[in-house]
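Trainee: Please take me through one part of this structure in detail. I would like the sheet, and then the spaces that its strands help to line.

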Amino acid sequence: MAEIRVKLAEMRFSNKSEDTLVAHGLGACIALAIFDRTTSLAGMIHIVMPSSDVQSKNDHPVRFADTGVPVFLKEFMRLGGNFAACKIVIAGGANMPSNSIFNIGDQNVLAVKKALSKFNLSVSGEDIGGNNGRTLNVDMKQGVISSRVFGCPVIVL
Amino acid sequence: MVDKDNILYARIVNKITELMPLPETIQKIVDLTRNPDTPLKKISDALESDEAMATKVLKLANSSFYGFSKQVKTISHAVVCLGFNTIKQMALTAHSFSVLDKQLDGYYLDRGAMFQHSFGTALASRLLATKMYYPNAEEVYLMGLLHDVGKVILNQFAEQEFNKVIEEYNKGGLMFYEAERKVLGFDHGDIGSAVCQKWNLSDDIVETIRCHHNPEEASAGNISVHMVHIANIIVSIMGLGIGAGGVDQKISEKSLSVLNLKEEDISMLMMSIMDELENDETLASFRNA
């Protein structure tokens with residue numbers, strides 16, 4: 001079984017049943033996973049920030065929810081993915097308590113959902129918020145997407 | 001401050017030299033550079049006597065951060081170009097990479113995670129230092145790199161006590177370092193600080209490592225503690241090597257105010273950290289060294 005790690009500001013796809021897609025150590029970041037049951041195509045993107053307004057030119061679209069989600073979904077379609085038969089989940093979006101400057105987690109969640117809605121898509125499962133780190137895992141063989149907070153049991157999404 | 005009668009603390013501090021020794025070459029360089037009148041040649045000689053270390057320092061000297069147009073080929077050239085303080089930081093940085101490349105089960109940090117968190121915090125600390133025109137950005141980089149070094153010792157030496165820390169933290173209501181303080185009477189910052197003291201590092205480093213979760217406890221003139229405090233938090237938010245405790249940390253308003261940081265600065269800093277992570281060649285070269 002090959003573990004494909006989806007690191008900060010990366011997106012990865014696979015249609016091999018022996019693969020798992022994993023985003024480790026999500027803090028305020030969001031991992032968005034999509035799995036098409038009919039073609040067994042899965043994708044995952046690891047988004048860091050909500051808005052690309054902070055960059056002067058669009059040279060790192062995958063870092064941001066507003067530019068990353070469209071790039072990710074278009075690539076999913078290009079690879080043969082079908083939205084009608086797919087499961088979409090998100091995990092991450094943790095927040096620091098006590099300071100609004102650092103509530104990037106909440107902003108990320110809202111921005112990802114907004115970007116999905118532009119494609120008439122919404123999430124069917126989520127494990128978000130709080131202040132713990134998480135891992136999101138797509139098991140291609142079982143077709144199971146699960147999330148785990150460190151030291152806690154796995155949640156199937 | 002740790003209670004002077006804390007037996008566990010005393011036991012751990014007594015073991016530091018054995019658990020985390022500083023290589024002889026580096027200790028010699030640290031001690032030599034404490035005296036500003038030390039001739040540069042003495043530093044070069046000390047470094048050249050350790051070939052592996054000399055190679056690592058040359059790698060750092062030739063990294064893009066210093067921007068030399070010509071390759072720095074010899075240690076004596078590096079010492080002249082960079083001055084002995086920078087050389088000392090480089091030798092310590094090179095050594096720290098090996099110290100931090102560990103798996104810490106107690107903190108839910110796998111080997112890559114501890115390393116990534118320390119390296120990310122070092123980069124972010126240096127970015128803040130540069131933004132503030134701080135005169136010794138390399139020292140702040142080293143502070144960022146070493147800020148959690150106490151976790152390595154605690155994970156190794158206080159395994160049994162650590163289960164109680166996890167239990168206490170899981171009850172809720174305390175941040176992870178507060179749970180350490182409640183159960184052990186000290187936190188990983190105190191142990192990291194003791195490591196730096198044993199290594200004869202500067203008072204600023206010793207204090208910054210101790211107070212990185214509570215910068216208000218540091219002396220008024222210490223600016224670096226605020227840089228490392230904020231850097232640690234931003235890097236945790238980004239999920240770079242976060243383990244037990246997650247992003248559950250208290251941000252010091254004083255640090256935000258001292259560094260004059262606004263929301264847009266935090267976003268820009270996150271961007272710069274990602275740029276540096278993509279471009280920095282130090283990480284790869286040291287992990288493979």
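Mentor: In this predicted model, chain A holds an open sheet of five strands, in the order S1-S3-S8-S9-S10. The pairing is mixed. Two strands form the edges: S1, residues 2-5, and S10, residues 154-156, both of chain A. Each of these pairs on one side only. From one strand to the next, the twist averages 25°.

Walk across the sheet from S1(A). S1(A) and S3(A) run parallel, joined by four bridges. Here Ile4(A) faces its partner, Leu21(A) of S3(A), directly opposite. Next comes the pairing of S3(A) with S8(A), which is antiparallel and has five bridges. Within it, Thr20(A) stands opposite Asp139(A) in S8(A). At the far end, S9(A), residues 144-149, runs antiparallel to S10(A), with three bridges between them. Ser147(A) sits opposite Ile155(A) of S10(A).

Now look at S3(A) by itself. Seven of its eight residues are buried, so the strand is largely enclosed by the rest of the structure.

Next, the open spaces. The largest pocket holds about 1000 Å³ of space. Its lining has 36 residues. Nearest the centre are Arg5(A), Lys7(A), Leu8(A), His24(A) and Gln116(B). The sheet takes part here: S3 (19-26), S8 (134-139) and S9 of chain A each give two or more residues to this lining. From chain B, helices H6 (111-131), H15 (263-279) and H16 (282-287) do so too. H6(B) gives the most, five residues. By class, this lining has 18 nonpolar, 11 polar and seven charged residues.

The second largest pocket has about 220 Å³ of space. It is lined by 20 residues. Closest to its centre are Asn132(A), Phe150(A), Cys152(A), Tyr169(B) and Asn170(B). Helix H9 of chain B, residues 159-170, gives the most to this lining, with three residues. The lining divides into nine nonpolar, 10 polar and one charged.

Cys152(A) deserves a second look. A disulfide is a covalent bond between the sulfur atoms of two cysteines. A search over all chains finds zero disulfides. Cys152(A) is in none, and the nearest cysteine sulfur, that of Cys29(A), is 19 Å away. The cut-off for a disulfide is a sulfur pair within 2.5 Å, so Cys152(A) cannot count as bonded at that separation. How exposed is Cys152(A)? Its relative accessible area is 39%, so Cys152(A) is partly exposed. In chain B, Cys81(B) is also partly exposed, at 34% relative accessibility.

Last, the enclosed spaces. Rolling a probe the size of a water molecule over the atoms shows where empty space is left. Two cavities of 30 Å³ or more are found. The largest cavity has about 220 Å³ of space. Of the 20 residues in its lining, those closest to the centre are Lys151(B), His213(B), Ala244(B), Gly246(B) and Gln249(B). Helices H10 (176-184) and H13 (224-237) of chain B are the elements that give two or more residues to this lining. By class, the cavity lining has seven nonpolar, 10 polar and three charged residues.

To draw it together: S3(A) is largely enclosed, pairs with S1(A) and with S8(A), and helps to line the largest pocket.

Note on methods: Residues are numbered from 1 along each chain as its sequence is written. Chains are lettered from A and ligands numbered from 1 in the order in which they are written. This is a predicted model: local features need pLDDT of at least 70, side-chain atom pairs count only at pLDDT 80 or more; totals for chains, interfaces and linings use all residues. Side-chain values use heavy atoms; hydrogens and water are left out. Two strands pair if DSSP finds at least two bridges between them. Axes are lines fitted to C-alpha atoms, for helices over the stretch in contact, and angles run from 0 to 180 degrees between N-to-C directions. On a 1 Å grid over the protein atoms alone, a cavity is a set of points where a 1.4 Å probe fits but cannot get out, and a pocket is an open set with protein on both sides within 12 Å along at least five of seven lines; lining residues have an atom within 4 Å of a point. Grid points are joined across faces, edges and corners, and a volume is the space filled by probe spheres set on the points. Ala, Val, Leu, Ile, Met, Phe, Trp, Tyr, Cys and Pro count as nonpolar, Asp, Glu, Lys and Arg as charged, and the others, Gly among them, as polar. Buried means under 20% relative accessible area, exposed over 50%, partly exposed in between (1.4 Å probe, protein chains only).
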